[in-house]
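Here is a friendly briefing to read with the structure open beside you. Please take a moment to look it over before going on to the notes.

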Amino acid sequence: MIIAIDGPAGAGKSTISKLVAKELQFQYVDTGAMYRAITLHFLDQGISPEDAAGQAANLRASIEMNGHQIVFNGRDVSREIRSLEVNQAVSAYAAIPAIRVFLVSLQRQIGKDQDIVVDGRDIGTYVFPEAEVKIFLTASVEVRAKRRFDEMRAKGEDVEWADIVENIRERDRIDSEREMAPLKKADDAVEVDTSDLTIQEVVDCILDLIQSKKRAEVQS
Ligand code: CDP
């Protein structure tokens with residue numbers, strides 16, 4: 001079974017997806033972490049998105065994910081991919097079609113023969129349009145920025161409120177406007193606005209949706 005959880009930056013996708021996966025004993029797949037790891041790889045080499053577009057067709061990279069850890073070409077990048085620098089660059093690299101083709105094929109491979117909860121931007125629309133359950137998580141820009149601000153401050157990063165708001169808005173814009181597989185609610189996704197809900201309320205709401213989906217399948 002595939003549970004697709006899409007939505008804009010800071011809507012709570014990863015926190016919620018991890019908890020839902022744990023509850024169901026499904027594998028959690030963080031596709032944003034994959035785009036972040038590729039971004040870090042190009043940033044480290046000083047390759048701009050424009051130049052990366054030319055090189056990405058020959059991209060050979062090994063990406064291993066288990067739990068909280070992401071290992072890119074043998075290197076644990078779990079922490080580095082959450083930096084403000086990566087936050088600011090990731091949407092530009094994620095708009096490059098060859099990078100998306102590479103990662104989408106990896107994501108489909110992972111989902112081929114196991115139950116997964118997978119979060120991203122294009123999961124319900126493009127990566128797994130056949131997913132049994134599709135959720136689109138949203139929240140106001142202020143709430144999303146506050147969550148990201150608190151998260152980064154708690155990690156000891158010296159971030160400014162204005163920069164976080166700007167980053168969230170800019171990523172939403174680039175992610176929604178890109179040509180290939182933009183951020184968009186799938187027609188058959190259930191939209192959940194998390195602005196005024198606790199984490200547990202959102203998790204419970206999703207688990208309820210999954211249960212009713214399962215019941216409907218048994219009856220049909
Ligand atoms: O956690 P947050 O919502 O801030 O972002 P993320 O899920 O880690 O994704 C980081 C970036 O990767 C997004 O802003 C998108 O540009 C890109 N992304 C994408 O294009 N498609 C996906 N399926 C997942 C992420």
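The notes below cover the ligand, its surroundings and two helix pairs.

Please keep in mind that this is a predicted model. In it, 20 residues surround the ligand, and the protein buries 97% of the area that the ligand would expose on its own.

**Arginines at the ligand**

- Three arginine side chains are worth finding as you turn the model: Arg100, Arg148 and Arg171.
- From Arg148, a polar side-chain atom sits 2.5 Å from a ligand oxygen atom.
- For Arg100, the distance between a polar side-chain atom and an oxygen atom of the ligand is 2.7 Å.
- In Arg171, an N or O atom of the side chain is 2.9 Å from an oxygen atom of the ligand.
- Taken alone, the ligand exposes 530 Å², and 97% of that is buried by the protein.

**The shell around the ligand**

- The closest of the surrounding residues are Arg36, Arg100, Asp122, Arg148 and Asp175.
- By residue type, the shell holds 10 charged, 5 polar and 5 nonpolar residues.
- At least two shell residues come from each of helix 2 (31-44), helix 4 (84-94) and helix 8 (161-177).
- Helix 2 gives the largest share, with 4 residues.

**How the helices pack**

- As a general guide, a pair of packed helices is described by the angle between their axes and the distance between those axes.
- Helix 2 packs with helix 5 (residues 97-111) at an angle of about 140°, and their axes are 11 Å apart.
- That angle is why helix 2 and helix 5 are oblique to each other.
- The crossing of helix 2 and helix 5 is right-handed.
- Helix 8 also pairs with helix 7 (residues 141-154): their axes cross at roughly 125° and come within 9 Å.
- Helix 7 and helix 8 are therefore oblique to each other, and their crossing is right-handed.

Key: Residues numbered from 1 in each chain as written. Predicted model: local features only at pLDDT ≥ 70, side-chain atom pairs only at ≥ 80, totals over all residues. Heavy atoms only, no water. Near = heavy atom within 4 Å. Polar contact = N/O pair within 3.5 Å; in protein donor to acceptor, adjacent residues only side chain to side chain. Areas by Shrake-Rupley, 256 points an atom, 1.4 Å probe, with all protein chains shown as cover. Nonpolar A, V, L, I, M, F, W, Y, C, P; charged D, E, K, R; others polar. Axes fitted to C-alpha atoms, helices over the stretch in contact; angles between N-to-C directions. Parallel < 35°, antiparallel > 145°, perpendicular 65-115°, else oblique. Left-handed = near helix turned anticlockwise from the far one by under 90°.
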